[in-house]
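User: I'm a first-year student and I'd like a close look at a single part of this protein model. Could you pick one and walk me through it in a connected way?

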Amino acid sequence: MNTAHTLRRCIHCGTKAVKPRKGIGRTICYRTMPCMQIPNDILVPTCGRCKSEYLDEESVGILAPSLQTVYLQSLRTRTRIAIDILSKHTSQRRLERVLGLSQGYLSRLRAGSGNPSPELTSHLAILCHDPPTRLMELERFWALPDEEWPPLEMPQTRFRKRLSHGDRNTNKKLTNNE
Ligand SMILES: [Zn+2]
């Protein structure tokens with residue numbers, strides 16, 4: 001495997017020293033993550049001289065299963081941490097209800113079974129930024145009638161006053177002109 005003929009020429013330094021190598025501190029833009037960590041033991045075509053990495057279409061294709069594994073592991077880890085944080089502020093059942101999840105789903109994810117979607121992980125992440133406030137906002141959001149959402153960016157009392165006067169378009173125009 002390590003014989004000279006398996007080495008490719010590096011387009012950056014011209015040395016014939018590119019072969020799959022382990023490495024530290026490497027990242028890749030993968031799905032939702034602009035800088036996903038590549039595990040040290042994953043082999044990436046790299047120049048032995050100038051250390052240029054060749055994460056081209058071909059090598060990413062070969063790495064795809066490993067990268068997907070890393071990605072799913074990251075989603076599971078982040079979801080578990082988020083559930084632990086949010087559980088201090090609300091019950092898992094209540095959290096499942098406002099997120100539209102089936103009962104027990106978060107417990108299963110917390111236990112490490114199943115893969116959370118990036119969408120769910122995103123929602124949990126945003127809720128974690130300020131759990132009491134975000135959870136209250138979400139509950140209020142679901143409690144609102146359709147025509148009262150989205151709330152206009154103005155004080156609540158004025159918004160309500162104008163809403164009772166006329167249609168939403170007028171309200172929006174007034175807001176934009178301010
Ligand atoms: Zn090179």
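Analyst: Let's begin with how the elements get their names: helices are DSSP runs of H or I with at least four residues, strands are DSSP runs of E with at least two, and both are numbered from the N terminus. Please keep in mind that you are looking at a predicted model. With that naming, Ile-42 sits in the loop between strand 4 and strand 5 (44-47), which gives us a handy example of how to state where a residue is.

Before we zoom in, here is the setting. The chain has seven helices and five strands, and along the sequence they follow the pattern β-β-β-β-β-α-α-α-α-α-α-α. Of the 178 residues in the chain, 12% are buried.

The part I would like to show you is helix 4. Which of its residues are buried? In helix 4 they are Thr-121, His-123, Leu-124 and Leu-127. These residues span an arc of only 160° around the axis, so they lie on the same side of helix 4. What do they face? The buried residues of helix 4 pack against helix 1 (57-87) and helix 5.

Take the helix 1 direction to begin with. Setting aside neighbours within four places in sequence, Ala-82 is in contact with Leu-124, Ala-125 and Cys-128. Ala-82, Leu-124 and Leu-127 also appear among the members of the largest nonpolar core, which has seven residues in all. The other members are Leu-86, Leu-95, Leu-106 and Leu-109. Helix 1, helix 3 (105-110) and helix 4 are the elements that give two or more residues to this core. As background, nonpolar side chains in soluble globular proteins tend to be buried together.

Now turn to the other partner. Helix 4 (residues 118-128) packs with helix 5 (residues 131-143) at an angle of about 120°, and their axes are 7 Å apart. That is why the two helices are described as oblique to each other. From helix 4, the contact uses Ile-126, Leu-127 and Cys-128, while helix 5 brings Pro-131, Arg-134 and Leu-135. Sorted by class, this contact has five nonpolar residues, one charged residue and no polar ones. Leu-127 is a good residue to find on your screen: it is buried, it belongs to the nonpolar core, and it takes part in the contact with helix 5.

If you follow the chain past helix 5, you reach the loop between helix 5 and helix 6 (156-165), where Pro-150 lies. The peptide bond from Trp-149 to Pro-150 is cis, with omega near 0°.

For contrast with the buried side of helix 4, let's return to Ile-42. Is Ile-42 buried or partly exposed? Ile-42 is partly exposed, because 18 other C-beta atoms lie within 10 Å, and a residue needs 20 or more to be buried. Apart from neighbours within four places in sequence, Ile-42 is in contact with Leu-63 and Ser-66. Ile-42 and Pro-20 are 22 residues apart in sequence, but their C-alpha atoms are 8.7 Å apart in space. Met-33, in strand 4 (residues 33-38), counts as partly exposed too, because it has 16 C-beta neighbours inside 10 Å.

Terms used: Residues numbered from 1 in each chain as written. Predicted model: local features only at pLDDT ≥ 70, side-chain atom pairs only at ≥ 80, totals over all residues. Axes fitted to C-alpha atoms, helices over the stretch in contact; angles between N-to-C directions. Parallel < 35°, antiparallel > 145°, perpendicular 65-115°, else oblique. Contact = placed C-beta atoms within 7 Å. Nonpolar A, V, L, I, M, F, W, Y, C, P; charged D, E, K, R; others polar. Arc of directions from axis to C-beta. Core = buried A, V, L, I, M, F, W, Y, C linked by C-beta atoms within 7 Å.
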